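Me: I would like to learn how to read burial, contacts and salt bridges in a two-chain model. Please give the general idea each time, then the case at hand.

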Amino acid sequence: MVIPLSYFLLTAALLFSIGLAIVIIKRNAIVVLMGVELMLNAANLNLVAFSRFDPDLTGQFFSLFVIIVAAAEIVVALAIVLKVFQHFNTVHLDEVAEMKD
Amino acid sequence: MLAFVFLFFMILTLGSAVIVLVSRNVLYSAFSLMVTFLGIAGLYVFAGADFLAVTQIMVYVGGILVLLVFGIMLTRNKADRGTNQPNTVKTEHRRTFWGILAAGGIFAILSTILSKARFQRIELDHYEPIERKTTIHDLGIGIMTNYVLPFEVAGILLMIALLGAAYLSGKTQSLGNK
């Protein structure tokens with residue numbers, strides 16, 4: 001038997017919503033980055049689920065490149081978070097409110 | 001039987017994502033995020049994307065999650081270090097109501113669109129899920145022919161991100177004094 005497409009889409013929608021809630025609610029910069037990763041994964045799940053019907057596998061190619069860009073994004077974001085921590089001595093997002101001392 | 005296994009992976013993914021949301025300990029969030037990534041890799045297998053499932057495990061669990069845990073370890077508050085408390089890094093919750101409201105609103109919109117769209121007709125009438133043994137062959141040929149330019153650009157992007165991250169996180173204290 002074949003899993004229906006709507007199950008994948010429902011899972012991806014729920015995952016995206018949870019990621020959005022994490023980004024809004026959490027105050028630690030690293031946990032916010034985790035929420036962004038969850039949202040990217042939800043988008044990937046949609047692409048892969050639709051790619052099942054595609055003989056050219058375009059969705060899977062796009063999903064591969066999304067994974068690459070997500071890796072680049074998390075590397076640069078964590079470097080910035082480390083720099084913010086060196087400067088402000090915290091990664092609490094509400095306390096990081098100025099660009100320069 | 002297959003449906004139960006799918007349901008298991010779906011509950012695994014969503015449940016551990018909810019744990020990331022409700023847990024106040026950042027390290028617990030990171031480890032349940034690992035379970036989420038593994039569950040998504042299982043869902044990729046159900047969607048017939050074997051290569052992407054392996055890539056997901058290698059890149060996310062092996063790379064990004066390790067980076068996140070390193071980030072958590074390196075950004076602990078100095079106030080926590082002197083005490084005899086075990087290694088806990090807490091995070092606070094703010095604007096819980098607005099967060100739940102925005103996420104619930106997005107989910108309501110998405111599920112309305114999904115229920116109105118006629119995906120079932122597409123699935124039943126025109127397109128059957130394509131049966132293939134493996135996608136690695138097609139993906140490899142595609143990356144070296146149709147998608148060779150994005151592939152090379154992605155390599156350059158990764159190199160630039162690596163250099164930029166190394167430059168940013170290095171000791172550049174003198175930059176601010178000039």
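Reply: Start with burial: a residue is buried under 20% relative accessible area, exposed over 50% and partly exposed in between, with a 1.4 Å probe and protein chains only. In chain A, 58% of the 101 residues count as buried. This is a predicted model, in which local features need pLDDT of at least 70 and side-chain atom pairs count only at pLDDT 80 or more, while totals for chains, interfaces and linings use all residues. Residues are numbered from 1 along each chain as its sequence is written, chains are lettered from A and ligands numbered from 1 in the order in which they are written, and side-chain values use heavy atoms, with hydrogens and water left out.

Me: How many helices and strands does chain A have?

Reply: Helices (H or I, at least four residues) and strands (E, at least two) are DSSP runs, numbered from the N terminus. Chain A has three helices and zero strands, giving the order α-α-α from the N terminus on.

Me: What is the accessible surface of chain A?

Reply: Accessible areas come from the Shrake-Rupley method with a 1.4 Å probe; for residues, only the protein chains shown count as cover. For chain A the figure is about 3800 Å², and carbon and sulfur atoms hold 70% of that.

Me: Which residues does Asn44(A) touch?

Reply: Contact means heavy atoms within 4.5 Å. Asn44(A) sits in helix H2 (residues 29–51) of chain A. Leaving out residues up to four places away in sequence, Asn44(A) touches Ser63(A), Val66(A) and Ile67(A), and also Tyr44(B) and Tyr60(B). Its relative accessibility is 0%, so Asn44(A) counts as buried. For chain A as a whole, 56% of the contacts with a separation of 6 or more are between residues 24 or more positions apart.

Me: How many residues does each chain bring to the contact between the two?

Reply: Chain B brings 83 residues and chain A brings 69 residues. Buried area is the accessible area (1.4 Å probe) that two parts lose on being put together, summed over both. Here that area is about 7000 Å², with 77% from carbon and sulfur atoms.

Me: How many residue pairs are in polar contact across this interface?

Reply: A polar contact is a pair of N or O atoms within 3.5 Å; within protein, one must be able to donate a hydrogen and the other to accept it, and residues adjacent in sequence count only if both atoms are side-chain atoms. The rule finds six such residue pairs between chain B and chain A, both residues being at pLDDT 80 or more. On the side of chain B that touches chain A, the largest share, 12 residues, comes from H3(B).

Me: Where are the salt bridges, and how many are there over all chains?

Reply: A salt bridge is a side-chain nitrogen of Lys or Arg within 4 Å of a carboxyl oxygen of Asp or Glu. The count over all chains is two. One joins Arg27(A) and Asp94(A), at 3.2 Å from N to O. Arg27(A) lies in the loop between helix H1 (5–25) and H2 of chain A and Asp94(A) in the segment after helix H3 (58–88), so this pair ties together parts 67 residues apart in sequence. Arg27(A) is buried at 5% relative accessibility, whereas Asp94(A) is partly exposed at 36%.

Me: Which residue forms the salt bridge with Asp94(A) across the interface?

Reply: Arg94(B) does, with the closest N and O atoms 2.7 Å apart. Arg94(B) lies in the loop between H4 and H5 of chain B, so the pair joins two chains. At 36% relative accessibility, Arg94(B) is partly exposed. Through shared partners, the salt bridges link Arg27(A), Asp94(A) and Arg94(B) into one network.
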